[in-house]
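Trainee: I am new to this structure and would love a close look at a single part of it. Could you pick a good place to begin and walk me through what lies around it?

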Amino acid sequence: LWCNEEDHLRLFARQHTSVNLKKLWTSLHQSLDAVSKAAEAEGTGFVFSEKLGYVTACPSRLGASLRVVVSLKIPLLAAAADLAGLCRSFDLQASQESGHAAHGDVWNVSSGDPLGLAEVDLINGVMEGCRTLVNLEQRLEKGEPIYDAMPGLGPDPSPGFPHERCPSHLPDLSGHHGAACRELARRAPMLYAELRGRRTPGGVGLAPCIKPGVDDRGHPNVMSAGIVAGEAACYETFSDLFMPVVKVLHSFSPVFAQPRDSLGSKLSNTNIDQFGLHALSVCVDVRRNLRGHCFAPCCSRAERREVERMLAKVMSIEGVCSGRYLPLAYSGSHAPMAGGMEMSQQEQLCAAGLLFAEPKAPAKLAAGLGREWPDARGAFVADAKDLVVWVNEEDHLRFRSTQDGSDLKAVFARVYSVLHQVKGLLEQEGCDGFARHELLGYLTVDPANLGLALRCSVNLRLPCLGGRPQLTAVCKALNLNVAWRGGLWEVSSGSTLGVSEVDIANEVIEGCARLVQLEEAVARGESIDEEVRSLMAGIGS
């Protein structure tokens, strides 16, 4: 019993090893009751408000003024999941025991806000939540998957903003940074009121589209859409919201038809890295969704499985690409490999960058990208490991090819050759082709990928140029993005809306060649100031 620490009185009761929370509370409650009676005998008592409960110095302790903490040894669960997020779904809090390393052995799991709850409710919530956490740890010890118990990975939507139907009033979005939330807040309440009751022909409402942006505030320095498309028609049905977001993400609103030109013979013959000293690898990544099927945020299990079935079938046809379709571990949707690949194989493919893992980012979970994981997710992997086709990761299909060196032209040709074959074979299977819009190009879950849904990238070693502050500005002048990843500079294509495939690939090829030239000039001790000024002068021209 502490006296005059923060509040007048503070009572503790603790147990170690054989924890019996019910017995512990009974003991504490008896002591509390005795103190209360003694206070009343002295003509006073505990301060209590009809609405606020027990009144405390700190408003966060109002209500039952009770905190229940259980220390759990759950190292496997802490390493496998976002433990804090998992506890939040139980209205609990989690913090690491002081002195233990990250993802270590012991975690403190505690009750949440005590206002509006009775003591029994708080204690039962902690007991039930901790029982669930221990059960999950035991399942992991047996080597069993726990996806079904993880928020956003099971059959139900992640906690937060409703998935099925928008509430009558728009939540406070003043601290949100996604482009969609900013637009809704700017035009509140009229835009929300106008859109909340609309439905696409496929039955998709506004709620699942804006849930990621409402649930995840985003970062003030990172521009994100804050909205996803549940099906192709969302871009038309909710165009009053999607089009302003497109303008923010791509810096303009399209008024002309999205061009298409993937003819490999038109690609630049420029050699990015003539002597092979700077370009470590190249990658081409293309996304596609199938017309007539809901996208990942809103698709049914049957739709997801149909996408997997068609892709696995067409990729097995002789002459397309030599390889094998591998469903994720524990997926039971692909009959030829019921139960999916071995987890050890999955981990190897993920480590090699050939496969994807379950989503963990709050915005992706809120978008429904992990629902019913890992059902009907997998990848076609070429025998040569130079091409993969991801199925039901974020978009229906994602074609990726990576190769050492600097030959982006060869990788581009490989991806689009398979892509065109797959499109034709899918249409023979009765598919109505890829989802596409005349102005927006290929339609994707994330509006940031609209246009060509294409990303070309080159990993460059730039020890001299990379140390200069002008690198980011130079890349911007070349219409390229640059990021430091794994000890290398990843230089990638920018927005693909309003330009053709050939234009994007050529920008990356010629832009990276320019960066290598600048790097070599700096290494020789030459000044590049004049050339940088010339490039900078071209911005906005």
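Mentor: Gladly! Let us begin with S251, which sits in the loop between α9 and β8. Please keep in mind that this is a predicted model. S251 has a positive phi of about 70° although it is not a glycine. That is worth a second look, because most residues other than glycine have a negative phi. S251 is also exposed, with a relative accessible area of 65%.

The loop of S251 lies between α9 and β8, so let us visit each of these in turn, starting with the helix. D240 belongs to helix α9, which covers residues 239-250. Its side chain meets that of R198 in a salt bridge, with 3.8 Å from N to O. R198 lies in the loop between α6 (190-195) and α7 (207-215), so this pair ties together parts that are 42 residues apart in sequence. How buried or exposed are the two partners? R198 is partly exposed, at 26% relative accessibility, and D240 is partly exposed as well, with a relative accessible area of 27%.

Another residue to find here is F242, which forms an aromatic pair with Y235. The two rings are tilted, with 4.6 Å from centre to centre and 50° between the planes. F242 is buried, with a relative accessible area of 0%, and Y235 counts as buried at 1%. A search of the whole structure finds seven aromatic pairs. Elsewhere, ring pairs link F356, W373 and W390 into a cluster.

Helix α9 also helps to cover α7: the elements that lie over the buried residues of α7 include α5, α6, α8 (234-237), α9 and α12 (362-366). How many residues of α7 are buried? Eight of its nine residues are, so you can think of α7 as mostly covered. Among them are A207, I210, K211 and V214.

V214 brings us to H176, whose side chain reaches the backbone oxygen of V214 at 2.9 Å. H176 is found in the loop between α4 (119-141) and α5 (179-186), and H176 is buried, with a relative accessible area of 7%. Leaving aside residues up to four places away in sequence, H176 touches C181, R182, G213, V214, D216 and R217.

Just along from here you can find P189, in the loop between α5 and α6. The peptide bond from A188 to P189 is cis, with omega near -5°. For background, most peptide bonds are trans.

Now for the strand on the other side of our starting loop. D285 lies in strand β8 (residues 279-288). The side chains of D285 and R400 meet in a salt bridge, at 2.7 Å from N to O. R400 lies in strand β12 (residues 397-404), so the pair ties together parts that are 115 residues apart in sequence. Both R400 and D285 are buried, whereas R198 and D240 of the earlier salt bridge are partly exposed. R288 is a further residue to look at, since R288 lies over the face of Y442, at 3.5 Å from the ring centre. R436 lies over the face of Y442 too, at 5.1 Å from the ring centre.

For a contrast with S251, look at A376, in the loop between α12 and β10. A376 has a positive phi of about 60° and is not a glycine. Is A376 buried or exposed? A376 counts as buried, at 0% relative accessibility, whereas S251 is exposed. The loop between α12 and β10 (378-382) also holds P374, and the peptide bond from W373 to P374 is cis, with omega near 0°.

Finally, let us step back to the whole chain. The protein chain has 16 helices and 17 strands, and 46% of its 541 residues count as buried. Among contacts between residues at least 6 apart in sequence, 70% join residues at least 24 apart. The count of salt bridges comes to 31, including the R198 to D240 pair and the R400 to D285 pair.

Note on methods
Residues are numbered from 1 along each chain as its sequence is written. This is a predicted model: local features need pLDDT of at least 70, side-chain atom pairs count only at pLDDT 80 or more; totals for chains, interfaces and linings use all residues. Side-chain values use heavy atoms; hydrogens and water are left out. A salt bridge is a side-chain nitrogen of Lys or Arg within 4 Å of a carboxyl oxygen of Asp or Glu. Helices (H or I, at least four residues) and strands (E, at least two) are DSSP runs, numbered from the N terminus. Buried means under 20% relative accessible area, exposed over 50%, partly exposed in between (1.4 Å probe, protein chains only). Rings of Phe, Tyr and Trp (its six-membered ring) pair if their centres lie within 6.5 Å; planes under 30 degrees apart count as stacked, over 60 as edge-to-face and the rest as tilted. A charge sits over a ring if NZ of Lys or CZ of Arg is within 6 Å of the ring centre and within 35 degrees of the ring normal. A polar contact is a pair of N or O atoms within 3.5 Å; within protein, one must be able to donate a hydrogen and the other to accept it, and residues adjacent in sequence count only if both atoms are side-chain atoms. Contact means heavy atoms within 4.5 Å.
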